[in-house]
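Colleague: Could you help me learn to read some features of a protein model? I would like to go through them one by one.

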Amino acid sequence: MKKKIFYSIIILITGIIVGRNIYLSKSTQTFSNKDIYYFIQEGVYSSKSIMEENIKNMDLKVVDELDNKYYVYLGITKDESIAKKLKEIYESQGYQIYIKEVSLSNEEFNNNVTQFDLLINATTSEKEILTIEKVVLANYEEIIKKNI
């Protein structure tokens with residue numbers, strides 16, 4: 001029963017965020033102040049084939065390519081305590097994790113991550129935390145990566 005309520009809340013919040021984003025997409029604004037995010041980084045690879053081999057069994061991931069290097073991220077948060085919690089979860093699964101501070105300037109993504117951080121703080125279940133992070137990573141790909 002708790003799982004149904006939790007997933008219902010995630011679906012409701014996602015619906016609100018998507019609706020709000022559609023409504024706000026009619027007016028575009030540029031913001032100069034950047035927000036700090038904590039990216040949960042699994043590794044940096046100089047070879048795409050080695051990276052693909054190492055991450056093929058990972059469910060949750062985002063890969064950013066910069067200067068012929070491939071950065072693999074397993075989570076994104078604005079809350080340092082959540083970043084440490086995510087690091088512990090992944091390290092208990094055998095991954096070597098780094099917390100990387102990244103500055104981004106996108107109000108929509110900022111609002112979404114803030115809401116997802118509230119959900120993560122409201123649960124102690126690793127499975128639920130990773131489910132929320134899956135949505136955060138999809139949100140990053142949808143909002144940030146498509147505009148690069």
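Colleague: Which kind of contact do the side chains of Lys78 and Asp35 make?

Modeller: They meet in a salt bridge, with 3.6 Å from N to O. The idea is that a side-chain nitrogen of Lys or Arg sits within 4 Å of a carboxyl oxygen of Asp or Glu. Keep in mind that this model is predicted.

Colleague: Where do Lys78 and Asp35 lie along the chain?

Modeller: Lys78 is in the loop between strand E3 and helix H3, while Asp35 belongs to strand E1, so their contact ties together parts that are 43 residues apart in sequence. As for its surroundings, Lys78 counts as partly exposed, at 25% relative accessibility.

Colleague: How many salt bridges does a search of the whole structure find?

Modeller: The search finds 4. Let's look at another one, where Lys145 and Asp64 bring their side chains together at 3.4 Å, N to O. This pair also links distant parts of the chain: Lys145 is in the segment after helix H5, Asp64 is in strand E2, and 81 residues separate them.

Colleague: Is Asp64 buried or exposed?

Modeller: For this you need a cut-off: buried means under 20% relative accessible area. Asp64 has 14%, so Asp64 counts as buried. Its partner Lys145, at 28%, is partly exposed.

Colleague: What about Glu91 and Lys87, how many residues apart are they?

Modeller: They are 4 residues apart in helix H3, which means that about one helical turn separates them. Their side chains form a salt bridge too, at 3.9 Å from N to O. Glu91 is partly exposed at 37%, and Lys87 is partly exposed at 27%.

Colleague: Now for the surface. Which residues make the nonpolar patch?

Modeller: Met1, Ile5 and Ile9 make a nonpolar surface patch of about 330 Å². Met1 sits in the segment before helix H1 and is exposed, with 76% relative accessibility.

Colleague: My last topic is backbone angles. What should I know about the sign of phi?

Modeller: Most residues other than glycine have a negative phi. That makes a positive value worth a look, and here Asp67 has one, near 55°. Asn68, which is not a glycine either, has a positive phi of about 60°.

Colleague: Where would I find Asp67 and Asn68?

Modeller: Look in the loop between E2 and E3, where you will find Asp67 and also Asn68. Asp67 is exposed, with a relative accessible area of 67%, and Asn68 is exposed at 60%.

Conventions. Residues numbered from 1 in each chain as written. Predicted model: local features only at pLDDT ≥ 70, side-chain atom pairs only at ≥ 80, totals over all residues. Heavy atoms only, no water. Helix = DSSP H or I, 4+ residues; strand = E, 2+ residues; numbered from the N terminus. Buried < 20%, exposed > 50% of the residue type's maximum accessible area, 1.4 Å probe, protein only. Patch = residues over 30% accessible without salt bridge, like charges linked within 9 Å, V, L, I, M, F, W, Y side chains within 5 Å. Areas by Shrake-Rupley, 256 points an atom, 1.4 Å probe, with all protein chains shown as cover.
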